[in-house]
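Hello, and thanks for sharing this one. Here are some notes to read alongside the coordinates, taken point by point.

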Amino acid sequence: MIITVNELKKFITTDKNDTALQAMLEGLEAFIVKYTNNDFKNRSTGLADYPASIKIAVVDIMAWKLRNEALNSADGTSKPVQSETISRHSVTYATDATESDIDCRTGLPKKYTAVFDLYKRARF
């Protein structure tokens, strides 16, 4: 496990239950191991030992995913307004990443997945 749910909650605030967060973290860990072809095992102990940069990336990705879930929910009150025009009433909502910023292979913003390239191992 890269980080536990309790460690994650030290960095982000969410009302999502622990079981759902645990499932999201496990899925993200499986994705990182497959994407990098690196199991991050310490050769002397045989246990997974993730670098701090990977842990920070996991927190950032989880925060982004949870924020996007809130933005895309049916409740329009949680969407942050970027600008609003009164005459002819126009509202522009703030977004975290544009469509061009999303990596088509991962479905995540490139700024969060770039750190994984540092830990990629060759596939043979």
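1. Let me begin at the end of a helix. Directly after α2 comes N37, and its phi is positive, near 55 degrees. Please keep in mind that this is a predicted model, and that holds for every point below.

2. The opposite end of α2 is worth a look too. N17 acts as the cap at the N-terminal end, with a side-chain oxygen 3.3 Å from the backbone nitrogen of T19.

3. Between those two ends, how many residues does α2 have, and how far does it reach? The helix has 19 residues, and the path from its first C-alpha to its last is 27 Å. That is close to the 27 Å expected at 1.5 Å a residue.

4. Now for the faces of α2. The buried residues are L21, M24, L25, L28, E29, I32, Y35 and T36. They sit on the same side of the helix because they cover an arc of only 140 degrees around the axis. On the other side, T19 and K34 are exposed. You will notice that the list of buried residues includes E29 and T36, so a quick look at their surroundings in the viewer may interest you.

5. What do the buried residues of α2 pack against? Their partners are α1 and α3. A good place to see this is M62, which touches L21, M24, L25 and L28, and also L8; that list leaves out residues up to four places away in sequence.

6. These contacts lead to the largest nonpolar core, which has 25 residues. Within this core, L8, I32, I54, V58, M62 and F116 touch the most other members. At least two core residues come from each of α1 (5-11), α2 (18-36) and α3 (52-71). The largest share belongs to α3, with 8 residues. As background, nonpolar side chains in soluble globular proteins tend to be buried together.

7. Stepping back to the whole chain, there are 4 helices and 2 strands, arranged along the sequence as α-α-α-β-β-α. Among contacts with a separation of 6 or more, 55% join residues 24 or more positions apart.

8. Last, the surface. The protein chain has 124 residues, and 28% of them count as buried. Its accessible surface comes to about 8400 Å², and carbon and sulfur atoms account for 52% of that area.

Notes. Residues are numbered from 1 along each chain as its sequence is written. This is a predicted model: local features need pLDDT of at least 70, side-chain atom pairs count only at pLDDT 80 or more; totals for chains, interfaces and linings use all residues. Side-chain values use heavy atoms; hydrogens and water are left out. A nonpolar core is a set of buried Ala, Val, Leu, Ile, Met, Phe, Trp, Tyr and Cys residues joined through side-chain atoms within 4.5 Å. Buried means under 20% relative accessible area, exposed over 50%, partly exposed in between (1.4 Å probe, protein chains only). Contact means heavy atoms within 4.5 Å. The expected span of a helix is 1.5 Å times one less than its number of residues. The arc is that of the directions from the helix axis to the C-beta atoms. A polar contact is a pair of N or O atoms within 3.5 Å; within protein, one must be able to donate a hydrogen and the other to accept it, and residues adjacent in sequence count only if both atoms are side-chain atoms. Accessible areas come from the Shrake-Rupley method with a 1.4 Å probe; for residues, only the protein chains shown count as cover.
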